Amino acid sequence: MVLKKLIYIAALILLVTAAGTFLQTGTETSYDDDINYISHSTVATKANSVASFFEIASAGEMSEDTELTVYNQNIALVKDKRNIDLREGINLVEFVDVASGIDATSVTFEDTENPETFVIEQNYQYDLVSSSKLLDKYLDEEIIVTDMEGITYTGKLLSHSESIVLKTGDGIVTLSEVSKIEYPNAAGLLTKPTLVWQVYSPVSGKRDVLTTYLTDGINWKANYIVRINEDDTEADLDGWVTIDNKAGTTFENAKLKLVAGDVNQVSQPSYNIYDGYESMEVATFAGFFTDISVAEESLFDYHLYTLERTTTLNNNEIKQISLLSSDEILVKKKYVFENDDKIKVMLEINNSEKNDLGTPLPKGVVRVYKSDSQGQLQFLGEDEIDHTPKDEEVEILVGNAFDITGDRRQSYYKRTGDTSEKRTFVIELKNHKEEDVEINVIETFRGEWEILSSSDSFTEIDSSTVEFKVEVPADGEKKITYSVETEY
């Protein structure tokens, strides 16, 4: 198989070289039917020149077997299956409607019906058509220009940086304002990013070809809506997947999969492949789906979410898809005081099956709402959670308490050695609410430390953190005093 590939590659080099010689010298050269040019749209310049000697075939559109795996790091894996009519021998295949953000080095080509079909050479062409690009292409070529008064000039284009300069039969003409420019032949200019392959096929016929590549410009994230009840003990939770497609192409009726996790990538230099291409589409919002149809599974050390139906992701569109929905889950409201004078209000949710959850939660923004006395839903705050496995606690920072305050001050200090010191702290908590509250006080230390005395019990959270849990009475206050010796 390897030897056969090498033979056909060598044959192709000789054939293309001969075609190039013919184009340059005009010498007649005869060829057999071993090269087939497959055109899906606009023809690439180099391929078009060689293909002019051979029969032109056709390639199919993006099929419903297209699969899109989107990662929440602005990349996606595209699996694009299309029907292509290949002839025996060497084919020139143009593959358009690829994503503008394609990583051309990641492309794989697979003939699903004949494994002996292979790509000899691949070109990624993204020099897209625009007025400036057209004029660049026709420098030193003849064009037809009509000025604002309707006068037409035909001549060789010398420059177009500030004004159009033509060399006509009557001399040099400079035109600062024009109404129309005509080009004798615009073949070879692309309107979309295109892959052009030289493909060897051992047999003729139509077959399904699977093309796989990575692209940037498409991202997804999770969004969560939490609606808590009157006494802040239960909540309804809805999760949504938000997909933002700026990849430069539309994926029609694609099978959609989403990967949650931090995938390692090698930094690559970026190239602006949008130069000269102006999209006329406007970003849209696709709205909500109400059916719960997303399956979850483990994939390596990540989690994979599969939409159990096809969907269309239009270019420059934001689409939301329902991820999960749970009612009356248990929540716990926590007050946290941590080294400042603001008391944080937190919601704590156990992500377990017992709590009607128990599914890995992708990273995303959680927004919390509650109904007022008139039954109108009000926004309370939002926070971003990280990827959260099942059976772990989800903590949501909603905001800062209005009626509960905290103050922390140092009341004693003494250096006990060259690298050690002793300090005493007083923490004063005030509760202006009409009910008792529990406050979690978090204290952190550097170096080696030991609490010598304390007015209240505490728990060591880790090597640098302790937590006090204290009750503060309604319309009352509570003081915590402790002494700590630290060695740096």
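This passage walks through the charged side chains of a predicted model, from its salt bridges to a negative surface patch.

In this predicted model, local features need pLDDT of at least 70 and side-chain atom pairs count only at pLDDT 80 or more, while totals for chains, interfaces and linings use all residues. Residues are numbered from 1 along each chain as its sequence is written, and side-chain values use heavy atoms, with hydrogens and water left out.

To start with the pairs, the structure holds 19 salt bridges, a salt bridge being a side-chain nitrogen of Lys or Arg within 4 Å of a carboxyl oxygen of Asp or Glu. One of them joins the side chains of Arg367 and Glu382, at 2.9 Å from N to O. It ties together distant parts of the chain, with Arg367 in strand β23 (residues 364-371) and Glu382 in strand β24, 15 residues apart. Strands here are DSSP runs of E with at least two residues, numbered from the N terminus. Arg367 counts as partly exposed because its relative accessibility is 27%, and Glu382 gets that label because its value is 42%. For these labels, buried means under 20% relative accessible area, exposed means over 50%, and partly exposed lies in between (1.4 Å probe, protein chains only).

Strand β25 brings in two more arginines. The side chain of Arg408 meets that of Glu443 in a salt bridge of 2.8 Å, N to O. This pair, too, links distant parts of the chain: Arg408 sits in β25 and Glu443 in strand β27 (residues 437-444), 35 residues apart. Arg408 is partly exposed, because its relative accessibility is 30%, whereas Glu443 is buried because its relative accessible area is 0%.

Then there is Arg409, whose side chain forms a salt bridge with Glu428 at 4.0 Å, N to O. Here the link runs from β25, home of Arg409, to strand β26 (residues 420-431), which holds Glu428, 19 residues apart. With 39% relative accessibility, Arg409 is therefore partly exposed; Glu428, at 16% relative accessible area, is therefore buried.

Elsewhere, salt bridges link Glu67, Lys79 and Lys257 in a network.

As for charges outside salt bridges, Glu353, Asp391, Glu392 and Glu393 form a negative surface patch. Such a patch is made of residues with over 30% relative accessible area and no salt bridge, like charges being joined within 9 Å. Glu392 lies in the loop between β24 (377-385) and β25 (393-415), and counts as partly exposed because its relative accessibility is 44%.

Methods:
Patches are made of residues with over 30% relative accessible area and no salt bridge: like charges are joined within 9 Å, nonpolar side chains (Val, Leu, Ile, Met, Phe, Trp, Tyr) within 5 Å. Accessible areas come from the Shrake-Rupley method with a 1.4 Å probe; for residues, only the protein chains shown count as cover. Lys and Arg count as positive and Asp and Glu as negative; His and the chain ends are not counted. The place of a charge is taken as NZ of Lys, CZ of Arg, CG of Asp or CD of Glu. Helices (H or I, at least four residues) and strands (E, at least two) are DSSP runs, numbered from the N terminus.
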